[in-house]
Amino acid sequence: MPERSESDSRKLLKRLRDSLAEPGQGQERLNRVTHLIADSMHTEVCSIYLFRDTETLELCASEGLLAESVHQTRLRLGEGLVGRVARTAVPVNTANAPSEKGFRFMPETGEEIYSSFLGVPIQRVGEKLGVLVVQSKAARQFSDDEVYALEVVAMVLAEMTELGAFLGEGAALGALHKQPVMFRGATGQEGSAEGQVWLHEARVVVTNPVADDPEVELTRIRAAVGELRVSVDDLLAAQSLDKEQKKVLEAYRMFAHSRGWLRRMEEDIQAGLSAEAAVEKEQSATRARLSQVPDAYLRDRLHDLDDLSNRLLRILTGQGRDTGAELPENPVLVARNIGPAELLEYGRSLRGVVLSEGSVGSHAAIVARALAIPLVIHADGVVVEALNGDAILVDGDQGIVHLRPEESVAAAFRDKIAMQTQAQLRYADLRDKPALSLDGREISLHMNAGLMADLPSLESSGAEGVGLFRTELQFLIRNKMPKRDELARLYARVMDAAKGRRVAFRTLDIGSDKVLPYMKPQDEPNPAMGWRAIRVGLDKPGVLQMQAQALIRAAAGRPLSIMFPFIAEYAEYIDARAYVLAQVEREGALGHPTPETLEIGAMLETPSLAFAPREFFETTDFLSIGGNDLKQFFFAADRENERVRRRYDTLNASFLGLIRQIIDRCAESGTTLSFCGEDAGRPVEAICLAAIGLQNLSMRPASIGPVKSLIRRTDLAALREVINAECAKGSVSVRPAVMEFLAKDAN
Ligand code: PEP
Ligand code: MG
């Protein structure tokens, strides 16, 4: 095979484009393409394998292989050389294919006579579409130029696929972005929603993958990179940055100014690609590398490069973030990830949120919860598949998303939403009724909050007060540390909205998963057990003192409740309390009114506190069990880790034993105790907690109705007997017996 020149490659791309411009159905076009490529590359075989589903590749067109194998030969991802290319997104180039490790012989194709094999991925910005293969009888290694040329062709094929060039009758490819797709992710926030896709970052569509005139494209890419560099420089100049942030952004800037990056894109253009396609080709390569780099720092840098490519594409196409598109009716936000401030900006206008990344404790999840918007996280691939305006169903309870659903699925889903709406109406009827159990115990139900947006729920949910106000949310949604007076005004508004109902303000709980954008990131091996919450507060008391002052000023003579997060030993509580008391004294001395009453409590989130000395229980004004953290430390199972976070049941007899011990110790010292973790809002868990003696539960506002409804239908004393009997029997979890008890009651 002769060496190829750049103009060969350009000629091939032009032929490809012209051929695709001719009329014809999908299959016909694919056949033409394979013929053209084999002819131009001087190989006997050219084949296109495309994904049928995420795991299966199908031979969809071939020049040279036996015609009867087309649409018959299928491979699993990773199977054979083609499957290997698809899985790794790295070309396979060999002079002796049958001797390659993993080679799979497919007799129906008649390929045994071909010795050389070159396969490259067909991908569009990391979206794997298939594999393009050329084969020849002569045993020879393909040159770097040839590999490169085939990659460029694959790039154009990917773009053409995206534009629908291979659709039509007998289509080799399922229509991209047309068929129903289901994504199985994880629950970020429960609830169901039906709506239309709104992409946080609109997809950039490249309509001209092949360059008409490379000189014009070169000028365009150089101008766009120039513009990008200026914008990144401006970005850096506009921020006041600490040393660490500067270092990170400098690396970002360095990429923007990288000669290598521009040179590679220039080479792609010389080979026949348009400026946009060149950017995407390099972006795909970056993404392929991203998935293979284990080092977190390097991955972050590759993310930078990915982000720069997006910016560059937006400059070149004028598309992207501000496309001028209107938010559809019932918008469901689809994004890779989103920051809390951006999500808040959309606010309650959103019906649902679907993220391909995200985590249960991410800031976006916290905000979605505060706004009671159904959220599905880890919906892998959704960003690539969804288009603005697509119909979408979000099942936050199951962590499932249906994109462009079949009518039957949509109808079943609507039934579910209707049932939930009916249930909500029933709960609304209970709003002013007490959570009185059948055996006459009244449980106090409070709500968790953290944003002003939560407060209207105080009225609508019928909560008795705010059992947990997560003050860190106000810090997380800003890009700089809020000032004391700003916080004082905000806390005052919270107390005003509570109209005399109790609000337990938790001091700043940062660190671990809650990282402030303006705080120096701590590189800790185990952040959940690291420098977080009150540990930060005590080591750097400036913020704790400032918060205490803001709360005292906001109370302006009204009653005030403050609690500290993540206290692990008595001494920490004493020290933190001393800081608050000192601020009360200081504020009084400055002539500010001091709170009418002041309660100072602690979150019980580490098992150690259950074993604290009696004095601890006697000194604290109240305690609140942070079940989310307590459970993760009790079972040593990371609450952020999808693999283990559901592994241990809250109704595990040992865990309930720990809770009982805390209840007993509080009873001895007369300390008010509540439970404010997520489990308080799960009806079955909530009645069990109440049955074993918890009197106060604090939960998301939306959970108050369902929890109250079940308490009102339950004999808590009888349930307690069931739990006691199970624990005495040595059962691991009391759940089966509890469910049986509830089922009997329901009959
Ligand atoms: C908890 O740990 O249960 C808790 C309520 O605190 P957070 O979820 O904010 O860590
Ligand atoms: Mg906690």
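A cavity, in the sense used here, is a set of grid points where a 1.4 Å probe fits but cannot get out, and its lining residues are those with an atom within 4 Å of such a point. By that criterion, Y49, L75, G80, L81, V82, F103, R104, M106, E111, F117 and Q135 line the second largest cavity of this predicted model. The volume of this second largest cavity is about 70 Å³, and helix α3, which spans residues 80-88, gives the largest share of its lining, namely three residues. Sorted by class, the lining of the second largest cavity comprises seven nonpolar, two polar and two charged residues.

The chain that holds this cavity has 747 residues, of which 54% count as buried, and its secondary structure consists of 27 helices and 23 strands. Along the principal axes, the C-alpha atoms fill a box of roughly 90 × 65 × 45 Å. Among the contacts between residues at least 6 apart in sequence, 67% join residues that are at least 24 apart.

One part of this architecture is an open sheet of eight strands with mixed pairing, whose order reads β7-β14-β13-β9-β10-β11-β12-β8. Its edges are formed by β7 (181-184) and β8 (186-189), each of which pairs on one side only, and the twist from one strand to the next averages 30 degrees. At the β8 edge, the pairing with β12 (residues 375-377) is antiparallel and extends over three bridges, with T187 having V376 of β12 as its bridge partner. Elsewhere on the sheet, helix α13 (residues 407-429) lies across β9 (192-199), β13 (391-395) and β14 (400-403), and runs at about 120 degrees to β9.

Both β9 and α13 also contribute to the second largest pocket, since each of β9, α11 (363-370), α13, α14 (456-461), β23 (696-699) and α25 (701-712) supplies at least two residues of its lining. This second largest pocket contains about 1,400 Å³ of space, and of the 46 residues that line it, E190, A372, Q424, A702 and S703 are the closest to its centre. Its lining divides into 19 nonpolar, 15 polar and twelve charged residues.

Turning back to enclosed space, a search of the whole structure finds four cavities of 30 Å³ or more, and the largest of them holds about 80 Å³. Fourteen residues line this largest cavity, and those nearest its centre are R470, R506, M603, E605 and N628. The elements that give two or more residues to this lining are β17 (466-470) and α22 (627-634). By class, the lining of the largest cavity has three nonpolar, three polar and eight charged residues.

The sequence position that follows E605 offers a last point of detail. T606 lies in the loop between β20 (598-604) and α20 (607-610). Is this loop residue buried or exposed? T606 counts as buried because its relative accessibility is 7%, whereas the cut-off for burial is under 20%. Leaving aside residues up to four places away in sequence, T606 touches F566, I567, A568 and L630. The C-alpha atom of T606 is also separated by 9.0 Å from that of Q632, although the two residues are 26 apart along the chain.

Note on methods. Residues numbered from 1 in each chain as written. Chains lettered and ligands numbered in written order. Predicted model: local features only at pLDDT ≥ 70, side-chain atom pairs only at ≥ 80, totals over all residues. Heavy atoms only, no water. 1 Å grid on protein atoms, 1.4 Å probe; cavity = no way out; pocket = protein on both sides within 12 Å on 5 of 7 lines; lining within 4 Å. Points joined across faces, edges and corners; volume = space filled by probe spheres on them. Helix = DSSP H or I, 4+ residues; strand = E, 2+ residues; numbered from the N terminus. Nonpolar A, V, L, I, M, F, W, Y, C, P; charged D, E, K, R; others polar. Pairing = 2+ DSSP bridges. Axes fitted to C-alpha atoms, helices over the stretch in contact; angles between N-to-C directions. Contact = heavy atoms within 4.5 Å. Buried < 20%, exposed > 50% of the residue type's maximum accessible area, 1.4 Å probe, protein only.
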